[in-house]
Amino acid sequence: MTILLRSVELKSELPASRAYPFSMPVVRHLGTLTFTAPVTLFVGENGSGKSTILEAIAAAVGSITVGADTVEMDPDLQPARRLADAMRLVWSKRTRRGFFLRAEDFLGYVRRMQSLRRDLAQDAAEMERRYAGRGLAVSLGKTPMEGSLAAMREKYGEGLETRSHGESFLDLFQARLQPGGLYLLDEPETPLSPLKQLSLLRMFHDAVTSGAQFIIATHSPILMAYPGACILNFDTVPPSPAAYDDLEHVRILRDFLNHRDAFLKPLLDPLDP
């Protein structure tokens, strides 16, 4: 069992400013988050602060991002960078492998890869046109572009944009997961059907057996069910360990599936003519 990042804590003195994110109770009372398993799950209601803390960890780690901007340049992550400056990370083995992914960034990544593929193909065609009849010069000029296109095809096939949203999302994971990486994921279940979420769990398991670590903010009871995961409930301040069966997300979904009419009747009856 590999735990690369062992804990995150706030330094003894926080900035005097009470502006966001330091205005959040979860930040002011965070204490120490200890990661006791290769998969840690941040759970809680919207606004509980789980994404804020995850973003700050990504900024403190200096994670590679899957999106349009780097952690250092993304304007939306400016509050996270301020919080990261107040964090202290404890490692058992520091790694530069892995990435930070917010589900909403994925489409931007697909478009960026599509644009890069198109630009490389256009540059290769322009090289062919400009140096027509000069075989060696064309070959030498095109080789780097063709090599980059071949590498992209090997990783992503004919392009992530040629697959469904959920399929391309899983393709990305399959291509980018590495042994010994730290993966920070914010609601990765968003584009995935329940069946595809199970496929994602299998990818997590395969990566964990190769020494990877995951910290995941999620609303998915399927992802929350990962065996042996450390579940931290952000509906309490500070966040506290929780058992799967005690989670509100799990209880509500289970009750709804078992008693859906009891849930729907009071919601829909007032809409009847």
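Which residue stands opposite Val8 in β4? The legends below start there, and they all show a predicted model.

**Figure 1. A three-stranded sheet, seen around β1 and β4.**
Let's settle the opening puzzle: Val8 faces Leu89 across the pairing with β4. Right beside that spot, Ser7 has Val90 in β4 as its bridge partner. Five bridges in total join β1 (residues 5–10) to β4, and the two strands run antiparallel. Zoom out a little and you'll find an open sheet of three strands, in the order β2-β1-β4, with antiparallel pairing. Its edge strands, β2 (32–34) and β4 (87–91), each pair on one side only. On average, neighbouring strands here are turned by 15° against each other, ignoring direction. Strands of a sheet pair through backbone hydrogen bonds, either parallel or antiparallel.

**Figure 2. The two faces of β4.**
In a regular strand, side chains alternate between the two faces of the sheet. You can follow that along β4: Met87, Leu89 and Trp91 point to one face and are buried. Arg88 and Val90 point to the other face and are not buried. Helix α2 (residues 50–61) lies across β1, β2 and β4, and runs at about 70° to β4.

**Figure 3. A six-stranded sheet with helices packed on it.**
Here's the other open sheet, with six strands in the order β5-β6-β7-β3-β8-β9 and mixed pairing. The edge strands are β5 and β9 (240–241), each of which pairs on one side only. Over at the β9 end, two bridges join β9 to β8 (residues 230–233), and this pair runs antiparallel. Look for Leu232 there, which stands opposite Pro241 in β9. Helix α2 turns up again in this view: α2 packs on the sheet and touches β3 (39–43), β5, β6 and β7 (213–217). The direction of α2 makes about 150° with that of β6. Helix α7 packs on the sheet too, touching β3, β6 and β7, and its direction makes about 150° with that of β7.

**Figure 4. Helix α7 and its buried face.**
How many residues does α7 have? Helix α7 (residues 194–208) has 15, and it reaches 21 Å from its first C-alpha to its last, close to the 21 Å expected at 1.5 Å a residue. Its buried residues are Gln197, Leu200, Leu201, Met203, Phe204, Ala207 and Val208. Seen down the axis of α7, these fall within an arc of 160°, so they line one face of the helix. Swing round to the other side of α7 and you meet Leu195 and Arg202, which are exposed. A handy rule when reading this view: an α-helix has 3.6 residues a turn, so residues three or four places apart point the same way.

**Figure 5. Aromatic rings in pairs and in a cluster.**
A pair of aromatic rings is described by the distance of the centres and the angle of the planes. This structure holds eight aromatic pairs. One of them is Phe99 with Tyr183, an edge-to-face pair at 4.9 Å centre to centre, with 75° between the planes. Phe99 belongs to β5 (residues 98–102) and Tyr183 to β6 (residues 182–186), so this pair ties together parts that are 84 residues apart in sequence. Phe99 counts as buried because its relative accessibility is 1%, and Tyr183 counts as buried at 0%. Another pair, Phe169 with Phe173, is tilted: 5.2 Å centre to centre, 55° between the planes. Both of these sit in helix α6 (residues 165–176), four residues apart, or about one turn of the helix. Phe169 and Phe173 are buried as well. Phe99, Phe169, Phe173, Tyr183, Phe204 and Phe214 form one aromatic cluster.

**Figure 6. Thr40 in strand β3.**
Is Thr40 buried or exposed? Thr40 is buried, with a relative accessible area of 0%. Leaving aside neighbours within four places in sequence, Thr40 is in contact with Phe35, Phe214, Ile215, Ile216, Cys230 and Leu232. Take Leu232: along the chain it is 192 residues from Thr40, yet their C-alpha atoms are separated by 7.3 Å.

**Figure 7. Ser220 in a loop.**
Our last stop is the loop between β7 and α8 (221–224), where Ser220 lies. Ser220 is buried, with a relative accessible area of 5%. If you skip its neighbours within four places in sequence, Ser220 is in contact with Glu189 and Gln197. You've met Gln197 already, among the buried residues of α7.

Key:
Residues are numbered from 1 along each chain as its sequence is written. This is a predicted model: local features need pLDDT of at least 70, side-chain atom pairs count only at pLDDT 80 or more; totals for chains, interfaces and linings use all residues. Side-chain values use heavy atoms; hydrogens and water are left out. Rings of Phe, Tyr and Trp (its six-membered ring) pair if their centres lie within 6.5 Å; planes under 30 degrees apart count as stacked, over 60 as edge-to-face and the rest as tilted. Buried means under 20% relative accessible area, exposed over 50%, partly exposed in between (1.4 Å probe, protein chains only). Two strands pair if DSSP finds at least two bridges between them. Axes are lines fitted to C-alpha atoms, for helices over the stretch in contact, and angles run from 0 to 180 degrees between N-to-C directions. Contact means heavy atoms within 4.5 Å. The expected span of a helix is 1.5 Å times one less than its number of residues. The arc is that of the directions from the helix axis to the C-beta atoms.
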